[in-house]
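Hi there,

Here is the structure I promised to pass on to you. Have a look, and my notes on what turned up follow below.

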Amino acid sequence: PLSKPGTYPLDGVAAGVYYKSGIKGSCYDYDKAPGLSMSGQLVITRLDLQAGIVSGTFAFTLSQPGCDTIKATYGRFDKKL
């Protein structure tokens, strides 16, 4: 649970999902697969519970043996809760 703005590590998180149409086989699904690893960070820049708004940035690397490594850089989000 995130209760305030700050930087939260994603290192060692054992979950992540990646789907792309037309891809079949073990690299189609990065979801708690054996050997899956994720590292990165989530930065919450605004968490306003009264207004119901959360904003921030993220970056992560998702890898699985025998599959391409997925890197997300300079991601951002703004969400109405």
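Let me start in the middle of the sheet: G56 stands opposite F77 in β4. This is a predicted model, where local features need pLDDT of at least 70 and side-chain atom pairs count only at pLDDT 80 or more, while totals for chains, interfaces and linings use all residues. Residues are numbered from 1 along each chain as its sequence is written, and side-chain values use heavy atoms, with hydrogens and water left out.

**The strands**

The protein has zero helices and four strands, and from the N terminus on its elements run β-β-β-β. Helices (H or I, at least four residues) and strands (E, at least two) are DSSP runs, numbered from the N terminus. The four strands form an open sheet in the order β1-β2-β3-β4, with antiparallel pairing; two strands pair if DSSP finds at least two bridges between them. At the edges stand β1 (6-9) and β4 (70-80), each with a single partner strand, so one side of each has no neighbour in the sheet. On average, neighbouring strands of this sheet are turned by 15° against each other, direction ignored. The axes behind that angle are lines fitted to C-alpha atoms, for helices over the stretch in contact, and angles run from 0 to 180 degrees between N-to-C directions.

Strand β2 (residues 37-48) pairs with β3 in the antiparallel sense over eleven bridges, and V43 stands opposite T57 in β3. Their hairpin has four residues between the strands, and G52 takes a positive phi near 70° there.

On to the next hairpin: β3 (residues 53-63) is joined to the antiparallel β4 by nine bridges. The bridge partner of T61 in β4 is K71. Six residues lie between β3 and β4, and G66 in that turn has a positive phi of about 85°.

**Aromatic rings**

How many aromatic pairs does a search of the whole structure find? The search gives two. F58 and F60 form a stacked pair, 6.2 Å centre to centre with 20° between the planes. For the cut-offs: rings of Phe, Tyr and Trp (its six-membered ring) pair if their centres lie within 6.5 Å, and planes under 30 degrees apart count as stacked, over 60 as edge-to-face and the rest as tilted. F58, F60 and F77 form one aromatic cluster, so F77, the residue opposite G56, turns up here again. F58 is partly exposed, with a relative accessible area of 28%; buried means under 20% relative accessible area, exposed over 50%, and partly exposed in between (1.4 Å probe, protein chains only).

**Charged pairs**

The whole structure holds two salt bridges, meaning a side-chain nitrogen of Lys or Arg within 4 Å of a carboxyl oxygen of Asp or Glu. In one, R76 and D78 have their closest N and O atoms 2.0 Å apart, and both residues are exposed. In the other, D48 pairs with R46 at 3.5 Å between the closest N and O atoms. D48 counts as partly exposed because its relative accessibility is 24%, and R46 counts as partly exposed at 38%.

**Overall numbers**

Of the 81 residues in the protein, 23% are buried. The accessible surface comes to about 5700 Å², of which 56% belongs to carbon and sulfur atoms (Shrake-Rupley method, 1.4 Å probe; for residues, only the protein chains shown count as cover). Among contacts (heavy atoms within 4.5 Å) between residues at least 6 apart in sequence, 50% join residues at least 24 apart.

Best wishes
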